[in-house]
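I opened a new structure today and kept notes as I went. The entries are in the order in which I looked things up.

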Amino acid sequence: MRRTDRNTARIAGSLPRWFAALLLLASAASAPALSTSASAQAADEVRLSSVDGHEAKFVDVNGARTRYYDVGSGEVILLIHGARPAGRSSANVWGPVLTDLGKRYRVLAPDRLGHGMTENPKGDYSATAEMEHLYAFLKVMKVDTLHVVGQSTGSYHAARIALEHPEMVKTMVLCDSATLSPPMGDIQARRAAIGLGTGAGPQSGGSPKDQERAAMMALSKNREHITDEFLSAADYMANQPSGKKTDAAMLTDAAKLYEQNIGKGAAEMRQWIAEGRLQTPTLLYWGKNDPSAILPVGLALLDMVSETNKRTRMLIVNDAGHFHFREHPQEFARNVANFVSSW
């Protein structure tokens, strides 16, 4: 019995029987209202943050309420979204490929720690904390083996799983990642030329919806995938308490610390790759027209990985930018499924 119920029963015991009965009935009637209100709020969170006909779910991961998609059945494909910490950054980016991949596999796509509607880290914002959260998420989902797909910053996390736990990863797909690839050219100048900044924190002025629209427009060759539903969901998540907290933190030295952490981790992984520690079958999947992680960056990553890993392949998509999997989703799902099933 709840404390309030016990108090009501105690008070009722000292009142006339007819009045006590009314008091207890009123107490019982008021209890479901709280539950109904909480349920309505949870339903709104799912409805307003979900995209492309799928419903997001929530699960507790080491005390952090974590938002994710779970589509299909069979062997697990883990999709790890890109971007630095931001309330508007989320697993929604994978929305257009969830249905097709889910026809043959169980697709898990979580919001990384401190992104979207997954709660903020208890300590510093760092790629290290995000990795710990991803491992804990897989444990909660009871996933022992998987295929992993990472895009942009998410390729860092995908490669880290394959390098730290090769026994878990059957195949890996890395998409358009200047974070993991060997440094090449001036990425700051490349992004400035398309109106974007580099690193963590807001990339342009305006609302989160405006920021998301500007980033997606600048990085995409084809822009039909930038729907109002997608932008509105990003805006909704960025305006929740966890999203506001992340965005505020990324305007402080927390952003610089994040860059230092992920930069150090990427350099460490490039060394591990050069030493031959990455033997997972690996597909590099690149947009030919990516203006940020330009094609020469992908080719440099191909040279580095294929030098010691003979099961490395590369697929270059014509007429596609940083989000080629959204620009040509059916083609992406087909090619990924073919690669995953061939090893």
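The entries below go from the whole chain to single helices, rings, residues and a pocket.

**Entry: the whole chain.** I noted before anything else that this is a predicted model. I looked up the secondary structure and found 13 helices and eight strands. I then asked what share of the 343 residues is buried. Buried residues come to 52%. For contacts with a separation of 6 or more, I found that 73% are between residues 24 or more positions apart.

**Entry: helix H3.** I looked up which residues of H3, residues 95-102, are buried. They are Gly 95, Val 97, Leu 98, Leu 101 and Gly 102. These residues are on the same side of H3, because they cover an arc of only 145 degrees around the axis. I recalled the general rule that an α-helix has 3.6 residues a turn, so residues three or four places apart point the same way. Next I asked what the buried residues of H3 pack against. I listed three strands, E2 (64-71), E3 (76-80) and E4 (106-110), and two helices, H12 (324-327) and H13 (329-341).

**Entry: aromatic pairs.** I looked up the aromatic pairs and found seven in the structure. One of them is Tyr 68 with Phe 137, an edge-to-face pair at 5.5 Å centre to centre, with 65 degrees between the planes. I checked where the two rings sit in the chain: Tyr 68 is in strand E2 and Phe 137 is in helix H4, 69 residues apart, so the pair links distant parts of the chain. Are these two residues buried or exposed? Tyr 68 has a relative accessible area of 8% and Phe 137 one of 0%; the cut-off for buried is under 20%, so Tyr 68 counts as buried and so does Phe 137.

I also wrote down Phe 323 and Phe 325, which form an edge-to-face pair at 6.1 Å centre to centre, with 65 degrees between the planes. Phe 323 and Phe 325 are both buried. I followed the ring pairs further and found that they link Trp 94, Tyr 285, Phe 323, Phe 325 and Phe 332 into a cluster.

**Entry: Pro 110.** I found Pro 110 in strand E4. Pro 110 has a relative accessible area of 2% and is buried. I asked which residues Pro 110 contacts, leaving aside its neighbours within four places in sequence. The list includes Tyr 68 and Phe 137, along with Arg 67, Leu 78, Leu 79, His 81, Ala 91 and Leu 134. For Leu 134 I looked up the spacing: 24 residues from Pro 110 in sequence, and 8.3 Å in space, C-alpha to C-alpha.

**Entry: Asp 111.** I found Asp 111 in the loop between E4 and H4. Asp 111 is buried, with a relative accessible area of 0%. Leaving aside neighbours within four places in sequence, I noted contacts of Asp 111 with Arg 67, His 81, Ala 91, His 133 and Met 237, among others.

**Entry: a pocket.** I looked up the second largest pocket, with a volume of about 190 Å³. How many residues line it? The lining has 13 residues, and those nearest the centre are Asn 62, Leu 113, Pro 121, Lys 122 and Ala 129. I noted that helix H4, residues 127-140, gives the largest share of this lining, four residues. By type, I found six nonpolar, four polar and three charged residues in the lining.

Notes:
Residues are numbered from 1 along each chain as its sequence is written. This is a predicted model: local features need pLDDT of at least 70, side-chain atom pairs count only at pLDDT 80 or more; totals for chains, interfaces and linings use all residues. Side-chain values use heavy atoms; hydrogens and water are left out. Buried means under 20% relative accessible area, exposed over 50%, partly exposed in between (1.4 Å probe, protein chains only). The arc is that of the directions from the helix axis to the C-beta atoms. Contact means heavy atoms within 4.5 Å. On a 1 Å grid over the protein atoms alone, a cavity is a set of points where a 1.4 Å probe fits but cannot get out, and a pocket is an open set with protein on both sides within 12 Å along at least five of seven lines; lining residues have an atom within 4 Å of a point. Grid points are joined across faces, edges and corners, and a volume is the space filled by probe spheres set on the points. Ala, Val, Leu, Ile, Met, Phe, Trp, Tyr, Cys and Pro count as nonpolar, Asp, Glu, Lys and Arg as charged, and the others, Gly among them, as polar. Rings of Phe, Tyr and Trp (its six-membered ring) pair if their centres lie within 6.5 Å; planes under 30 degrees apart count as stacked, over 60 as edge-to-face and the rest as tilted.
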